[in-house]
Amino acid sequence: MDKLIIEGGVPLAGEVRISGAKNATLPILCAAILSGEPLRVANVPHLRDVTTMLELLAQMGIGVSVDDKLGVELTAAALNNPVAPYDLVKTMRASVLVLGPLVARFGEARVSLPGGCAIGLRPVDQHLKALQAMGATIDIEHGYMRAHAKRLKGARIIMDLVTVTGTENIMMAATLADGETTIENAAREPEVVDLANCLNAMGAQVSGAGTDTVRVIGVPRLKAANYRVMPDRIETATFLAAAAATGGEIRLLDTSAGILEAVIEKLRDAGARIESGTDWISLSMSGVLRAVSVRTAPYPAFPTDMQAQFMALNSVARGTALITETIFENRFMHVQELRRLGAQIEVEGNTAVVTGVDHLDGATVMATDLRASASLVLAGLIARGETAIDRVYHLDRGYEAIEEKLSKLGARIRRVH
Ligand code: EPU
């Protein structure tokens, strides 16, 4: 199994390009199910989750071609197998995003129930409740959700909680439904907006994405389109946090500060100087790194996908920080590993109390999920001596060419097989 070896202590310096957003790409690829004509997607990141999604779509009978310039073309002219099998869903929960589009276009879907995962229970009850409100019949059989509908009907849907993929699934389903759908208490994440823009480029009528009420007027069919995926805000923020934690100076290209305000504000509180233009962000760190408390919540608040990385940053900051996780019930798996490197962290319920220490010491640690592994990379970059990160495949789900990018910024990092 691959390991990443990091020799810490080098301040990151230089320029790198940010990839397309994983969490926008995954729903956008699923949007191809909604149309019989080609959807060409540009700026697709080369990631394990994206490959898994393309595999899933191909085995349903969708035409998939990938070029060497981060472009993918998908054509769902016909489909012979509207199924998301257990083996794929268990490796990637975002597979549930095929459910809404399949029922909307083909009238049926069979998708494995996801089950628990490393960061929490993550049920999909809101996705199912909304599809039922739109007239779908749903049965749970042998661990699979079976959904049927002749044609979905527009409905008023009030989500009980803010769910990103739930909002995306229902928004996609509603594009081909009969009449108007409103999704209230919708997720406002930029990736929801990116999906809405893609659907509109395909001829859908979606408005209000980015607010808590999304309106969709159903149309009979969608058409061919070209769409470029937005930059990855979590990759961007991870690099910024790594530069701040190592006392470095970096410039990130092909990204945007407008989708990251909560994180940028916290980095400034930590002592970083941040500047930005339309498609770049730079960060430089000169003074002392100060502890910053964060509380995760749906966008535009601080993202849960950056919580682990801020834990690593705070572990060597001056002062004490409180890190409160309100989205997932079990997203502190990195605490044990960071402690092995010398971090001082106590967990009380959903809050971690991090007291900054003078330095971390390299050790062998184990990645447990994608963002936990990113926090271990940050810790490895800060630590004295060598850190070996085991189960690095978690990192490959969401960070494109991470060791190349970090090497380019001067980090001493390598992968061993
Ligand atoms: N929830 C329910 N019922 C539902 C749906 C969600 O109880 O029907 C709960 C979840 O268990 C969780 C909360 O609602 O406690 C929010 O979950 P949400 O549905 O918003 O999460 P998601 O859509 O499954 C997406 C991202 C995650 C990111 C979260 C929160 C994708 C593909 N995944 O997941 O990304 O953490 O939103 O922002 O967009 C990652 O990239 O590392 C990652 C985990």
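Helix α4, spanning residues 99–106, is mostly covered in this predicted model, with six of its eight residues buried. Here helices are DSSP runs of H or I with at least four residues, strands are runs of E with at least two, and both are numbered from the N terminus. Buried stands for under 20% relative accessible area, exposed for over 50% and partly exposed for what lies in between, using a 1.4 Å probe and protein chains only. The buried positions of α4 are L99, G100, P101, L102, V103 and A104. They pack against four helices and two strands, namely α1 (22–31), α2 (48–60), α5 (125–133) and α6 (164–175), together with β7 (108–112) and β9 (144–148). After α4 comes G107, which has a positive phi near 80°.

A word on conventions may help at this point. Residues are numbered from 1 along each chain as its sequence is written, and side-chain values use heavy atoms, with hydrogens and water left out. Because the model is predicted, local features need pLDDT of at least 70 and side-chain atom pairs count only at pLDDT 80 or more, while totals for chains, interfaces and linings use all residues.

The largest nonpolar core holds 80 residues, and V98, L152, M171 and L199 have the most contacts inside it. Such a core is a set of buried Ala, Val, Leu, Ile, Met, Phe, Trp, Tyr and Cys residues joined through side-chain atoms within 4.5 Å. A second core, separate from it, has 70 residues, including V263, A352, L378 and L395. Setting aside residues up to four places away in sequence, V98 touches C30, I33, L56, L57, M60, A84 and V111, where contact means heavy atoms within 4.5 Å.

Turning to another helix, A262 lies in α9 (residues 261–269). Beyond its neighbours within four places in sequence, A262 contacts P300, A301 and F302. A262 and A321 are 59 residues apart in sequence, and their C-alpha atoms are 16 Å apart in space.

For the protein overall, 14 helices and 24 strands are found, and 57% of the 417 residues count as buried. Among contacts between residues at least 6 apart in sequence, 73% join residues at least 24 apart. The radius of gyration is 21 Å, which agrees with the value near 22 Å for a compact globule of 417 residues; this radius is taken over C-alpha atoms, and the globule rule is 2.2 Å times the number of residues to the power 0.38. Along the principal axes, the C-alpha atoms fill a box of roughly 65 × 45 × 40 Å.
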